[in-house]
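Me: I should like to go through this structure by asking what justifies each description. Please set each value against its definition.

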Amino acid sequence: MQKNVTVVLTNGTDLPTMQRVLWGYTTQNYRNFEVVLLQENPVAVNHSDYFFSVIICSPATLQAHLAQALTDYVVFADAHAVPREDFVEEHVKHREEGHYLTGARFFIQDAVFDTLTPEGIESGHYFSTSFLAQHATVKGLKAFRAIEPGSWAALLDYCLPELPFNFSNSSLWKSDCLALLQKGAWDERYPAHRYYREWPGLQQKSVKNTTLLMAAARDKNLKISVIVSTYNAEEWLEKVLIGYSVQTYTDFELIIADDGSRPETKALIDRYAANYPVLVRHLWHEDLGYRRQEILNVAIMEAAHEYIIMTDGDCIPRNDFVEIHALEAEQGRFLSGGYCKLPMKTSKHIAPDDILSQRCFDVRWLKSIDRLGFSNTLKLSAQSWSAWLLDLISPTTPSFNNCNSSGFRSDMIAINGYDERMKYGGPDREFGERLENNGIKGKQIRHKAVVLHLDHPRGYKTPESLAANLAIRKEVKQQKIKWTPFGIRKEAPTP
């Protein structure tokens, strides 16, 4: 029988995991498909174990294979993610001319994933509500969205926010896929080939809750670059460095983006970097006045990892700060965190041991020193469920702010970084507004990811800079501007 679907499994490296994934495809209700393992190097596959054809193909030869294949539809899926028995069927069921489908993955604990057996996959036990409720890495509404079957899942797909095209769970007609590949979908600008968004003439259709893929939590883990801006504030920066030394999530590098500080700042950074739990990098340029946006653009380009958290050298992170950003990261979104602004008395009072013990995030302790507003009390007191609920009902728009925001590096480069004309007073907001214009929407985490904002004077704040920045932001909003010619590259966007 002629196969009419090609399933392309991407990012596979671990053979035992890929074998487990291939077994998942033997359970599919819809059986008229072939599987392409997208691999740079050959892998040993026992073809007799599977009813479908398994083709080993490099990214460079995928286009040629699809052009010759007797199929008309392509499903992209992660080679580390086991499919539910209706995975291919759901993609076929929802396919539609003029559309591409986008889905996601669901994550379970690493140790549990490594014990999955062919028998359990075949029985469907691992996709049962009870199993996922016990072993999933996320709970509550997110877990409900991922495991709820049937018409409820279709309703959720219709109502909830869309996802961009991604190579972990998406599908499209082969003719559209060939056009995608001709445009360079495997370009190095798209780390891990995670997504591609330029789709003239095509509409997105979500299948996030109807197509279920299960992966190990380790495959969710992002490598992160945390960028901390600073200028001549060694007392505050030291407290921030202590905060990042006790993070529960350690797969990150720490970049200090220094807008021309004195030698004492470098000495402080060097002292901590010598015995720090993660890599610390110091980027500095000459002090020629307020040029924070310029050094931040340098930091974006110098960042080694695909995901960037932006924060300031006066913001002490709670020990789960990086972990929350990693767990909440989502393609097509930037994360908008909040901050708890402290008075000067409390800012001065916080000592290294208060940060190491996390005592400085205790509401009662903070109130024993000086006042603490209602909003800050809510942020610091919120637990997992209440933080989720507060973020859901918050009337505050999820904007990009340099105290506590994050996003994919490729999204930041796509809008050409920060506008270097802008001084103090809103350059980060303008940065977020261009992200929004380019299809990257804000996601609220102001009650989940917490930083303490230390008080300080702002001598660089002037009426002139505020007025100039407001004029730039007004133009960006009115004209839906995505790219600034005053950013990383000093040129107009490529058509």
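Reply: Glutamate 253 is a suitable place to begin; it lies in strand 14, where strands (E, at least two residues) and helices (H or I, at least four residues) are DSSP runs numbered from the N terminus. The model is predicted, so local features need pLDDT of at least 70 and side-chain atom pairs count only at pLDDT 80 or more, while totals for chains, interfaces and linings use all residues. Residues are numbered from 1 along each chain as its sequence is written, and side-chain values use heavy atoms, with hydrogens and water left out.

Me: Why is glutamate 253 called buried?

Reply: Its relative accessible area is 2%. Buried means under 20% relative accessible area, exposed means over 50%, and partly exposed is in between (1.4 Å probe, protein chains only). Glutamate 253 therefore counts as buried.

Me: What makes the pairing of glutamate 253 with serine 225 a polar contact?

Reply: The two side chains approach to 2.6 Å. A polar contact is a pair of N or O atoms within 3.5 Å; within protein, one must be able to donate a hydrogen and the other to accept it, and residues adjacent in sequence count only if both atoms are side-chain atoms. Serine 225 is also among the residues in contact with glutamate 253 when neighbours within four places in sequence are left aside, as are Ile224, Leu279 and His305; contact means heavy atoms within 4.5 Å.

Me: How do you know that strand 14 and strand 15 pair?

Reply: Two strands pair if DSSP finds at least two bridges between them. Strand 14 (residues 252-258) and strand 15 are joined by five bridges and run parallel. One of the residues concerned is isoleucine 256, whose bridge partner in strand 15 is histidine 282.

Me: Which helix packs on the sheet by touching strand 13, strand 14 and strand 15?

Reply: That is helix 11 (residues 263-273), whose direction makes about 165° with that of strand 15. Axes are lines fitted to C-alpha atoms, for helices over the stretch in contact, and angles run from 0 to 180 degrees between N-to-C directions.

Me: In what order do the strands of this open sheet lie, and what makes strand 15 and strand 21 its edge strands?

Reply: The seven strands have the order 15-14-13-16-20-18-21, with mixed pairing. Strand 15 (280-284) and strand 21 (441-444) are the edge strands, as each pairs on one side only. From one strand to the next, the twist averages 25°.

Me: What makes a group of residues a nonpolar core, and which residues have the most contacts inside the largest one?

Reply: A nonpolar core is a set of buried Ala, Val, Leu, Ile, Met, Phe, Trp, Tyr and Cys residues joined through side-chain atoms within 4.5 Å. The largest has 50 residues, and Ile224, Tyr244 and Leu254 have the most contacts inside it. Helix 10 (residues 234-244) gives the most to this core, with six residues. Another core lies apart from it and has 44 residues, including Val5, Val21, Tyr30 and Phe87.

Me: Why is strand 2 described as largely enclosed?

Reply: Six of the six residues of strand 2 (residues 33-38) are buried, so the strand is largely enclosed by the rest of the structure. Phe33, Val35 and Leu37 point one way and Glu34, Val36 and Leu38 the other way, and all are buried. Strand 2 runs parallel to strand 1 (residues 5-10), with five bridges between them. Strand 2 also pairs with strand 3 (residues 54-57) in the parallel sense, over four bridges.

Me: How do you know that cysteine 340 is in no disulfide?

Reply: A disulfide is a pair of cysteine sulfur atoms within 2.5 Å. The nearest cysteine sulfur to that of cysteine 340 belongs to cysteine 315 and is 10.0 Å away. The structure holds zero disulfides. Cysteine 340 counts as buried, because its relative accessibility is 1%.

Me: Is lysine 490 buried or exposed, and why?

Reply: Lysine 490 has a relative accessible area of 53%, and therefore counts as exposed. Lysine 490 lies in the segment after helix 21 (463-479). A polar contact of 3.3 Å joins its side chain to that of glutamate 420.
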